[in-house]
Amino acid sequence: MDSVAHRLSVGGAGAALELRGVTRLFGALAALTDVTLTVRPGERRAVLGSNGAGKTTLFNCITGDFPPTSGTIRFFGEDVTHFPPFERIRRGLRRTYQISALFPGLTVLDNVYLACCGVSPRRFSPFRPRSNDALVQAAEDLVEAVHLAAVRGRRVAELAHGQQRQLEIALALAGAPRFILFDEPAAGLSPTERRELVDILTTLPSHIGYIIIEHDMDVALRVVESVTMMHNGRIFKEGPPADIESDPEVQELYLGGGHG
Ligand SMILES: Nc1ncnc2c1ncn2[C@@H]1O[C@H](COP(=O)(O)OP(=O)(O)OP(=O)(O)O)[C@@H](O)[C@H]1O
Ligand SMILES: [Mg+2]
């Protein structure tokens, strides 16, 4: 079955992401306990919670970096619980990491071009000159989408921190993703860079859903339609941003809790 037919047969009108009873143990520590979560195609959601709440572990289970101890994960209807990460990437799942996945010596455009070719630093093969016009155009479009057209020919090592984070978003957008996991994309950004990030996220193509982990509520609540609150490895509240912000229990546990 080719990949398009395969996607259609397993996709359907269901959820983009469906977690049922996901638990992840590290020895005796339960980093996630019985997490059940459904995200629609195209939905944008924030996962919030204090340090150690289990947010990054949730991402690791979804991507397959650290599979769950028990429970199931479906991606566009397909059970991917035991799939290796690359099989999930092939199906349109992307993630940004805190640790940079960029080639510092190459230009902005070349980094995006290589991502469009399916080349990442972890599986770098001898560098091929830009040769495929369609991929060059795709790379140009992505550079534009993350507001880096003005620095497209600059080496990554010369970019400001915020521009590097923008470039990481372009890499996540390469290869027609259907869903992206952003782990604290605003970390270390200036107020101006944060506004830029909000602008980029809110103008992504509407069919691309995402989950964003973000401690900066000004960023998080402006770029999502739903929020999942986590505490001690469990989900304890879900709802639209306005409900979450005004919820007394949330304020007690998180917003007013002196979270750094
Ligand atoms: N690889 C690992 N080995 C052992 N324990 C881990 C591992 N990864 C996470 N943990 C533990 O699981 C719990 C949840 O960690 P996690 O990184 O998911 O939290 P988080 O919500 O992302 O926190 P932060 O806001 O600090 O990034 C923590 O107690 C953490 O120490
Ligand atoms: Mg984390």
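**View 1. Helix H2 supplies the largest share of the shell around ligand 1, namely 3 residues.** This is a predicted model, where local features need pLDDT of at least 70, side-chain atom pairs count only at pLDDT 80 or more, and totals for chains, interfaces and linings use all residues; side-chain values use heavy atoms, with hydrogens and water left out. Residues are numbered from 1 along each chain as its sequence is written, while chains are lettered from A and ligands numbered from 1 in the order in which they are written. Helices (H or I, at least four residues) and strands (E, at least two) are DSSP runs, numbered from the N terminus. Both S2 and H2 give at least two residues each to the shell around ligand 1. In total, 14 residues surround ligand 1, and the closest are Asn51, Gly52, Lys55, Thr56 and Thr57 (a residue is near a molecule if one of its heavy atoms lies within 4 Å of it).

**View 2. Zooming in on the oxygen atoms of ligand 1: what lies 2.8 Å from one of them?** A backbone N or O atom of glycine 52 does. Threonine 56 joins in through its side chain, where an N or O atom is 2.9 Å from an oxygen atom of ligand 1. For threonine 57, a polar side-chain atom lies 2.6 Å from a ligand 1 oxygen. Taken alone, ligand 1 exposes 640 Å², and the protein buries 62% of that (accessible areas come from the Shrake-Rupley method with a 1.4 Å probe; for residues, only the protein chains shown count as cover).

**View 3. Helix H2 itself, residues 55-63.** Is this helix enclosed or open? Since 8 of its 9 residues are buried, H2 is largely enclosed by the rest of the structure. Here, buried means under 20% relative accessible area, exposed means over 50%, and partly exposed is in between (1.4 Å probe, protein chains only). The buried residues of H2 are Lys55, Thr57, Leu58, Phe59, Asn60, Cys61, Ile62 and Thr63. Just past the end of H2, glycine 64 takes a positive phi of about 95 degrees.

**View 4. A nonpolar patch on the surface, made by Phe26, Leu29 and Phe66.** The patch covers about 270 Å². Patches are made of residues with over 30% relative accessible area and no salt bridge: like charges are joined within 9 Å, nonpolar side chains (Val, Leu, Ile, Met, Phe, Trp, Tyr) within 5 Å. Leucine 29 sits in strand S2, which runs over residues 29-39, and its relative accessibility of 52% makes it count as exposed.

**View 5. Arginine 40 meets glutamate 225 in a salt bridge.** Their closest N and O atoms are 3.0 Å apart (a salt bridge is a side-chain nitrogen of Lys or Arg within 4 Å of a carboxyl oxygen of Asp or Glu). Arginine 40 is in the loop between S2 and strand S3 (44-48), and glutamate 225 is in the loop between helix H8 (217-220) and strand S9 (226-231), so the pair ties together parts that are 185 residues apart in sequence. Both ends count as partly exposed, arginine 40 at 46% relative accessibility and glutamate 225 at 36%.

**View 6. Glutamate 249 pairs with lysine 237 in another salt bridge.** The closest N and O atoms of this pair are 2.7 Å apart. Glutamate 249 belongs to helix H10 (residues 248-255) and lysine 237 to strand S10 (residues 234-239), 12 residues apart. At 41% relative accessibility, glutamate 249 counts as partly exposed. Elsewhere, salt bridges that share partners join Arg40, Glu43, Arg45, Glu225 and Glu238 into one network.

**View 7. Two buried residues, glutamate 87 and threonine 107.** Glutamate 87 is found in helix H3 (residues 85-90), and its relative accessible area is 17%. Its side chain makes a polar contact with the side chain of arginine 90, at 3.3 Å (a polar contact is a pair of N or O atoms within 3.5 Å; within protein, one must be able to donate a hydrogen and the other to accept it, and residues adjacent in sequence count only if both atoms are side-chain atoms). Threonine 107 lies in the loop between strand S6 (93-96) and helix H4 (108-116). Leaving aside neighbours within four places in sequence, threonine 107 is in contact (heavy atoms within 4.5 Å) with Arg152, Gly153, Arg154, Arg155 and Val156.
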